[in-house]
Amino acid sequence: MPLIEITFAAGVLTPEQKTNLAKKITDLVVQEAKQPKDYTWVVIHEEPMENWLVGGLTVAEIKAKLAQEKK
């Protein structure tokens with residue numbers, strides 16, 4: 001039973017996008033891993049943007065840094 005978990009920032013995907021993404025991932029697992037469609041699980045987690053950090057910086061800090069670099 002494959003379980004695929006994906007995490008996005010909260011609010012990035014609409015319910016329709018989540019459904020479409022889950023269907024495409026399921027189809028890919030069926031095609032490539034030869035797993036039964038009915039046993040393939042896709043879970044989409046959503047985290048608040050303030051919980052995302054890269055290189056020790058928050059997304060807000062990264063955006064501010066990039067804006068400064070463009071000047």
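**Exercise 1.** Is Asp27 buried, partly exposed or exposed, going by relative accessibility? Then find its salt-bridge partner and place both residues in the chain.

*Solution.* A word before we start: this is a predicted model.

- Step 1: Look up the accessibility. Asp27 has 41% relative accessibility.
- Step 2: Apply the cut-offs. Buried means under 20% and exposed means over 50%, so Asp27 counts as partly exposed.
- Step 3: Find the partner. Asp27 forms a salt bridge with Lys37, and their closest N and O atoms are 4.0 Å apart.
- Step 4: Place the pair. Asp27 is in helix α1, while Lys37 sits in the loop between α1 and β2, ten residues apart.
- Step 5: Check the partner. Lys37 is exposed, at 52% relative accessible area.

**Exercise 2.** How many salt bridges does the structure hold? Work out what the one between Glu46 and Lys18 ties together.

*Solution.*

- Step 1: The count is two salt bridges.
- Step 2: In one of them, the side chains of Glu46 and Lys18 meet at 3.0 Å, N to O.
- Step 3: Because Glu46 belongs to strand β2 and Lys18 to helix α1, this pair ties together parts 28 residues apart in sequence.
- Step 4: Now the exposure of each. Glu46 is partly exposed at 35%, and Lys18 is partly exposed at 23%.

**Exercise 3.** Which residues of α1 are buried, and what covers them?

*Solution.*

- Step 1: Start with the helix itself. α1 has 19 residues and reaches 26 Å from first to last C-alpha, close to the expected 27 Å.
- Step 2: Its buried residues are Ala22, Ile25, Thr26 and Val29. They cover an arc of only 100 degrees around the axis, so they lie on the same side of α1.
- Step 3: Recall the helix geometry. An α-helix has 3.6 residues a turn, so residues three or four places apart point the same way.
- Step 4: Identify the cover, which includes β1 (3-9) and β2.
- Step 5: Turn to the face directed away from the buried side, where you find the exposed residues Glu16, Lys23, Lys24 and Glu32.

**Exercise 4.** What is the phi of Lys34, and where does this residue lie?

*Solution.*

- Step 1: The phi of Lys34 is near 55 degrees, a positive value.
- Step 2: Most residues other than glycine have a negative phi.
- Step 3: Lys34 follows α1 and lies in the loop between α1 (15-33) and β2.
- Step 4: Lys34 counts as exposed, at 65% relative accessibility.

Definitions and conventions
Residues are numbered from 1 along each chain as its sequence is written. This is a predicted model: local features need pLDDT of at least 70, side-chain atom pairs count only at pLDDT 80 or more; totals for chains, interfaces and linings use all residues. Side-chain values use heavy atoms; hydrogens and water are left out. Helices (H or I, at least four residues) and strands (E, at least two) are DSSP runs, numbered from the N terminus. Buried means under 20% relative accessible area, exposed over 50%, partly exposed in between (1.4 Å probe, protein chains only). The expected span of a helix is 1.5 Å times one less than its number of residues. The arc is that of the directions from the helix axis to the C-beta atoms. Contact means heavy atoms within 4.5 Å.
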